[in-house]
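Student: I am new to this structure and would like a close look at one part of it, followed outwards step by step. Please begin with a single residue and tell me where it belongs.

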Amino acid sequence: MAEFHSIKVADIYKETKDTSVVTFDIPEHLQEDFGFIQGQHLTLKKEINGEDVRRSYSLCSSPVDREWKVAIKQIPGGAFSTYANTELKAGDMLEIMEPSGNFYVKVDAATPKNYIAFAAGSGITPMLSIIKTHLKLEPECTFKLFYLNRTAKSIIFKEEIEQLKNKYFQRFHTFHFLTKEQRDIEFLNGRFTSEKLKTLTDNFIDIDDTAHCFICGPQEMIFLIRDEFVNAGLSKDKIHYELFYSGNSEEENKHIAEVLEHKAEGTKVTIIDGGKEFQFIMDDEYDNLLDGALAAGADLPFACKGGVCSTCKCKIIEGSVEMKVNYALAEEEVAKNLILSCQAVPTSEEVVVDFDV
Ligand code: FES
């Protein structure tokens, strides 16, 4: 059931010029429901200029700290991020959905593990939660963080990363890459490239001894790192990523056009949500189940509408759909008939989907 709770902002401060860190005051009676796993996100909702605006932000705090904190970077023209960075203040109320997301691996203190992480800009947010949690709960694990930013000043959580380095100096190593500032070590200037990744796997990363690799940033960076590491011998199931949605590639647009050709007209849709059923006929104006259902008056969970956050996840019980894009569900989830309703184009006369999953 798409349930938002009214939550008070306990604290807000500027971490960098364009990024605010917001701490929420989760009331005692909701703390169990708001329990989270490192790497998960919160969906925030606010009416801005008469519009229902929702965005997902990763928690940067660790579950072991019993703190709920997100970092919100102001995006030019971004309605929610601009509001959060210019108007939001301590004491304000926001509508927040319980934590969700699957950008994590289970903590396992029994087996020593070496982790690597690649982040760009605000991609550090889930990574910080993941790093803090594993370092704290797995006393023998190591973490190497490769973090890309424009300038030293734009590094989000620079201080906190330094403190973690001091605290876990034998187990946590960081490498800062900058795109708009030249430094003496040429290798650390500019974006990640195939050559740089090869240098890393030749000198700093032992692929055979890497338990998991986490990547968070723009699509191009994620796929480059993923492909290079797969070529270097890291198995795909050890590579976990969370994407910043920044539009679809040409190839994806081609795939979307093909999917839309299979769309059935006037599909009868049954939605199960909160144990109740809701039925409607898909209006031709909409190509996906989520938009069709919202237009028909359903109240369903969603945030990015770009196939990234998985907030709109549901299970297909009857009928068939094809997804335009899917950056959020793992292959095992798709095999279990889970779909992203914001990307699900109905391809049969009738479709039944269950949101109580
Ligand atoms: S709303 Fe984010 S994946 Fe559908």
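Where along the chain is the place of Val-230?

Tutor: Before I answer, please keep in mind that this is a predicted model. Val-230 has its place in helix 5, which covers residues 219-231. Val-230 counts as partly exposed, because 13 C-beta neighbours lie inside 10 Å, whereas 20 or more would be needed for a residue to be called buried. From Val-230 to Ile-207 there are 23 residues in sequence, and the distance between them in space, C-alpha to C-alpha, is 9.6 Å.

A second residue whose number falls in the range of helix 5, Ile-225, leads us into the interior. Leaving out residues up to four places away in sequence, Ile-225 touches Phe-118, Phe-192, Leu-197 and Ile-215. The largest nonpolar core has 89 residues, and Ile-225 is one of those that touch the most other members, together with Val-70, Ala-117, Ala-119, Met-127, Ile-131 and Leu-145. Strand 7, residues 114-120, provides six residues of this core, which is the largest share.

From here we can step back to the domains. The domain assignment of the protein divides it into domain 1 (4-97), domain 2 (114-244) and domain 3 (250-354). Between domain 1 and domain 2 the C-alpha centres are 25 Å apart, and 15 residues of domain 1 make contact with 15 residues of domain 2. On the side of domain 1 that touches domain 2, strand 1 (4-16) and strand 5 (68-73) each supply at least two residues, and strand 5 gives the most, with three. By kind, the residues of that side of domain 1 are six nonpolar, seven polar and two charged.

Strand 1 and strand 5 can be placed through a common partner, strand 2. Strand 1 pairs with strand 2 in the antiparallel sense over seven bridges, and with two residues between them these strands form a hairpin. Within that pairing, Tyr-13 has Val-21 in strand 2 as its bridge partner. Strand 2 is also joined to strand 5 by six bridges, and these two strands run antiparallel; here the bridge partner of Phe-24 is Trp-68 in strand 5.

Strand 2 and strand 5 appear again beside helix 1, residues 79-86. In helix 1, the residues Phe-80, Ser-81, Ala-84 and Asn-85 are buried. They lie on the same side of helix 1, because the arc they cover around the axis is only 120°. As general background, an α-helix has 3.6 residues a turn, so residues three or four places apart point the same way. The cover over the buried residues of helix 1 includes strand 2 (19-25), strand 3 (41-48), strand 4 (51-58) and strand 5.

Strand 4 is where we find Ser-56. Ser-56 is buried, because 22 other C-beta atoms lie within 10 Å. If we set aside neighbours within four places in sequence, Ser-56 is in contact with His-41, Leu-42, Thr-43, Ala-303, Cys-304, Cys-309 and Thr-311.

Among those contacts of Ser-56 are Ala-303 and Cys-304, whose numbers fall within the bounds of domain 3 (250-354), so let us end with strands from that part of the chain. Strand 18, residues 350-354, has side chains that alternate: Val-351 and Val-353 point to one face and are buried, while Glu-350, Val-352 and Asp-354 point to the other and are not buried. Strand 12 (residues 268-273) and strand 18 run parallel and are joined by five bridges, with Lys-268 standing opposite Glu-350 in strand 18. Strand 14 (residues 313-318), by contrast, pairs with strand 18 in the antiparallel sense over three bridges, and the bridge partner of Ile-316 in strand 18 is Val-353.

Methods: Residues numbered from 1 in each chain as written. Predicted model: local features only at pLDDT ≥ 70, side-chain atom pairs only at ≥ 80, totals over all residues. Core = buried A, V, L, I, M, F, W, Y, C linked by C-beta atoms within 7 Å. Buried ≥ 20, exposed ≤ 12 C-beta atoms within 10 Å, placed from the backbone. Helix = DSSP H or I, 4+ residues; strand = E, 2+ residues; numbered from the N terminus. Contact = placed C-beta atoms within 7 Å. Pairing = 2+ DSSP bridges. Domains from an automatic or database assignment. Nonpolar A, V, L, I, M, F, W, Y, C, P; charged D, E, K, R; others polar. Arc of directions from axis to C-beta.
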